[in-house]
Amino acid sequence: MNIDFLSQLQRIVRLKDLEAWDIKINDKECRIIIVDEHRPSTNEDFPWLDNGIGEDKRENHITAHVYSLGDLDEIEEKMLYHIAEHLTDHVALAHCNVTVLFNKRNDYENALNSLLKDKGYQEFNSMPLNKFFNFSQD
């Protein structure tokens, strides 16, 4: 497995509650979108758990959405999972739950725009150039 982190991992947007990265893994293009939900975790955040997370609900929830154009093998998913974890390891994990969700999607822009809209931002392509003059696009 080969990822050149200098050329194949690129942050495309950084906001106070959403960050998006494009990454190429084994010549497969993917996008990781990390969303700070600014709310406590709920059982719905963990659909793979039959009984939810019980008392392990933390004060804040962060969702990392991993989008791929095609199918990923198990090793690629594990690698992307670890990258998403690494991109969120600066948060106080004693107070935050982080989930990583994998989605196969043909159109990353619609996925990003939908999450931006949910957070009250304009679409990515509509952001004025001056939003990209600073470290954060807020």
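**Figure 1. Exposed residues on helix H1 of the predicted model.** Glu74, Ile75 and His86 are exposed on one side of H1, the side away from its buried residues. The model shown here and in the legends below is predicted.

**Figure 2. The buried side of helix H1.** H1 covers residues 74-88, 15 residues in total. From first C-alpha to last, the helix reaches 21 Å, close to the 21 Å expected at 1.5 Å a residue. Buried in H1 are Glu76, Leu80, Ile83, Ala84, Leu87 and Thr88. These buried residues sit on the same side of H1, because they cover an arc of only 130 degrees around the axis. An α-helix has 3.6 residues a turn, so residues three or four places apart point the same way. What do the buried residues of H1 pack against? Their partners are four strands: E2 (18-25), E3 (28-36), E4 and E5 (96-104).

**Figure 3. The start of helix H1.** Asp73 is the residue to look for here. One of its side-chain oxygens reaches to within 3.1 Å of the backbone nitrogen of Ile75. Ile75 itself is exposed.

**Figure 4. Arg31 in strand E3 and its polar contacts.** Arg31 belongs to strand E3. Is Arg31 buried or exposed? Its relative accessibility is 4%, so Arg31 counts as buried. Its side chain makes a polar contact with the side chain of Asp22, at 2.6 Å. The Arg31 side chain also makes a polar contact with the side chain of Glu109, at 3.2 Å. Beyond four places in sequence, Arg31 touches Ile12, Trp21, Asp22, His65, Val66, Tyr67, Tyr108, Glu109 and Leu112.

**Figure 5. His65 in strand E4.** Strand E4 spans residues 60-68 and includes His65. His65 counts as buried because its relative accessibility is 11%, under the 20% cut-off. Which residues does His65 touch, leaving out those up to four places away in sequence? They are Arg31, Ile32, Ile33, Val35, Leu101, Asn103 and Leu115. Arg31, the buried residue of the previous view, is in contact with His65.

**Figure 6. Two buried cysteines, Cys30 and Cys96.** Cys30 has 1% relative accessibility and therefore counts as buried. Cys96, at 9%, is also buried. A disulfide is a covalent bond between the sulfur atoms of two cysteines. How many disulfides does the model contain? The count is zero, with a cut-off of 2.5 Å between the sulfur atoms.

Conventions:
Residues numbered from 1 in each chain as written. Predicted model: local features only at pLDDT ≥ 70, side-chain atom pairs only at ≥ 80, totals over all residues. Heavy atoms only, no water. Buried < 20%, exposed > 50% of the residue type's maximum accessible area, 1.4 Å probe, protein only. Helix = DSSP H or I, 4+ residues; strand = E, 2+ residues; numbered from the N terminus. Contact = heavy atoms within 4.5 Å. Expected span 1.5 Å × (residues − 1). Arc of directions from axis to C-beta. Polar contact = N/O pair within 3.5 Å; in protein donor to acceptor, adjacent residues only side chain to side chain.
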